[in-house]
Amino acid sequence: MRDDDPEPTLTRLVPRQFVLLLLAPLLAWPAMVNGSAFFFDDTAAYIRGVDALAVRTLGRSSDWTIERTLKVAQRTPQTARAKQTIVAPTVRAEPGSTNKPILTGRSPFYGALAYLGVLFGTFWIVVAVQTLAATAALIGVVRHAVDPARERAFMTTAVAVIAIALLTPLPYFACMLMPDIFAGLAILAAAVLLSGWRRETPAGRVGWVALAGYGALTHSATTLILLAIAGSAGLLLLVRRRIGLHPRAIALVAAAGLLGLVGDTSFGIAIERATGAPPIRPPFLTARLTADGVGTDYARAHCATEHWVICRHLDQLPLHSDSFLWSGDPATGVFTAASPAEARALSDEQMRFVFAVLRDRPVATLGASLNAMGEQFTQVGLPEFRYASAEFQNFERKIPSSVVAQLRTTAAFRGTMPIDLIGALTWPLLLASVMVIGWAARRADLREQALLGAWTLLGWIANVAICGALSTPHERYNMRVIWLLPIAASVIVARAVIIQRRAPIARNLAIGS
């Protein structure tokens, strides 16, 4: 079949097939075992951003804003005094500099979803939405392997794929109050659009684009991943025009990624209009370069002649990038421990500092980035689902006491969540999935499913590379999308089984004719 030949459109689901959505609670099994949705250190920031807006504009009363404000007020005097000696005269104070600055990177678009837990008085509503979105996406992928018109085969395959998903990290991230789940779903949506655009229905295309676009809105890393996938697809189309890619699919994946940039820019403009100052972007790259040593070496060699704000912290460097960014202790942290004026100055100089280091030490900078990427590839595990004592102390500072009391009753707090089996299965499932995708790539009758697997594989690689290069390698960054590969492999196997069963029938018909 030529690439420009029309292909049969996928059959629409009939109403009774939507009963498969009732399997969504199966993906909520970690939250059921835990007794609650899972919180992370950043969860409170997502919720408080939207909650503070609701308190300010709607006059709502909320412990998320009021209790947090009281806690910060008790600590502000010493922190402010401690940091006043650090800010040099060249760092000018800004209006409202006694207040904690608003940061980019905590998407209000995901915050609005997490805020449903505050509005409804239970975070189970967020778990329900996320597991339902994941279930719908899995069912949508199965449509590209098994025709829904073959009802029994379709329903059986959908149940089997969801069962396989239970053995991956997907259910854990679907139960976590973080946008990580939407990184994987956005990659899956992009893979379906690129591999099955010609067969997908108009409504299906809209749904996949919407899922990818929302994923980009929830986190800037997802934006970069989608743009990397779209860019790779565009280059591949230029090199091999008969590869089966549709330009419209590539354009919409790119548009979904760009939507994340539009959302981030709009958020910055809204904050600046509301507060008189734009939000501050944390200096992730400065933290990464100094932690790797190459940025620290550059600063030590040039601080005598160049006036970088980071030079004021030279005696502390190198610091672990997480400590550099998030520690509020002036002895162990830089960005969070700084005054608002200095924090903004560190953010403003970030790209100039990065390019200066890159020009001066290109080989060392590239080597450090590759090492970080390699380390990120090896990171597997789910430690975030057993709350460490330091992590829980952060919860106590950021989360209302009533919610903290409830979290003390969870399996994650007790350290009894069953995370070891999922961690142990990760590498075997990953290797088996890559083998299945490679096998399918050599079969013409599995072309669409092989492409689906290839694009999910590329999305996983892009996620790991981007997170490794721009942030500190963590298991969470890898595990939040690694579940894509077993899902893609299971879809390939399902399609292969269908083809194998149809082969004898086709031979009999040929003999009979």
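Visitor: Which backbone oxygen lies 2.8 Å from a polar atom of the side chain of T131?

Guide: Keep in mind that this is a predicted model. T131 sits in helix α6, which covers residues 124-142. Its side chain reaches the backbone oxygen of A128 at 3.2 Å. The oxygen at 2.8 Å from a polar atom of that side chain is the backbone oxygen of V127.

Visitor: Is T131 buried or exposed?

Guide: Leaving aside neighbours within four places in sequence, T131 is in contact with A24, L27, A28 and A174. To count as buried, a residue needs under 20% relative accessible area. T131 has 4% relative accessibility, so it counts as buried.

Visitor: What about T218: which backbone oxygen does its side chain reach?

Guide: Look for T218 in helix α10, residues 202-218. T218 has a relative accessible area of 0%, so call it buried. Setting aside residues up to four places away in sequence, T218 touches Y46, S107, Y110, P179 and F182. At 2.6 Å, its side chain reaches the backbone oxygen of G215.

Visitor: OK, zooming out, how many helices and strands does the protein chain have?

Guide: The chain has 513 residues, and buried ones make up 51% of them. Among contacts between residues at least 6 apart in sequence, 78% join residues at least 24 apart. As for the count you want, it is 25 helices and 0 strands.

Visitor: Which helix gives the most to the largest nonpolar core?

Guide: As a rule, nonpolar side chains in soluble globular proteins tend to be buried together. Here, the largest nonpolar core has 113 residues, and F38, F39, W64, F123, L194 and I399 are those with the most contacts inside it. The helix giving the most to this core, with 13 residues, is α9 (residues 180-196).

Visitor: And how many residues are in the other core that lies apart from it?

Guide: You can find this other core by looking for I280, V309, I310 and A343, which are among its members. It lies apart from the core of 113 residues. Its own count is 26 residues.

Visitor: Back to W64: which residues does it touch, not counting those up to four places away in sequence?

Guide: W64 is one of the residues with the most contacts inside the largest nonpolar core. Among its partners, F39, F123 and I399 are on that list of most contacts too. The full set is F39, A44, I47, R48, D51, V118, F123, K398, I399, P400 and V403.

Visitor: Why is helix α16 said to be largely enclosed by the rest of the structure?

Guide: Helix α16 runs over residues 340-348. Its buried residues are P340, A341, E342, A343, R344, A345, L346 and S347. It is called largely enclosed because the number of its 9 residues that are buried is 8.

Visitor: Now the outside: which residues form a nonpolar patch on the surface with about 360 Å² of accessible area together?

Guide: Start at L238, in helix α11 (residues 220-239). L238 has a relative accessible area of 66%, so it is exposed. For scale, the accessible surface of the protein chain comes to about 22900 Å², with 63% of it belonging to carbon and sulfur atoms. The patch is formed by L235, L238 and V239.

Visitor: One last thing: is the peptide bond from L317 to P318 cis or trans?

Guide: P318 is in the loop between α14 (294-302) and α15 (321-326). The bond from L317 to P318 has omega near 0 degrees, and that makes it cis.

Notes. Residues are numbered from 1 along each chain as its sequence is written. This is a predicted model: local features need pLDDT of at least 70, side-chain atom pairs count only at pLDDT 80 or more; totals for chains, interfaces and linings use all residues. Side-chain values use heavy atoms; hydrogens and water are left out. Patches are made of residues with over 30% relative accessible area and no salt bridge: like charges are joined within 9 Å, nonpolar side chains (Val, Leu, Ile, Met, Phe, Trp, Tyr) within 5 Å. Accessible areas come from the Shrake-Rupley method with a 1.4 Å probe; for residues, only the protein chains shown count as cover. A salt bridge is a side-chain nitrogen of Lys or Arg within 4 Å of a carboxyl oxygen of Asp or Glu. Helices (H or I, at least four residues) and strands (E, at least two) are DSSP runs, numbered from the N terminus. Buried means under 20% relative accessible area, exposed over 50%, partly exposed in between (1.4 Å probe, protein chains only). A nonpolar core is a set of buried Ala, Val, Leu, Ile, Met, Phe, Trp, Tyr and Cys residues joined through side-chain atoms within 4.5 Å. Contact means heavy atoms within 4.5 Å. A polar contact is a pair of N or O atoms within 3.5 Å; within protein, one must be able to donate a hydrogen and the other to accept it, and residues adjacent in sequence count only if both atoms are side-chain atoms.
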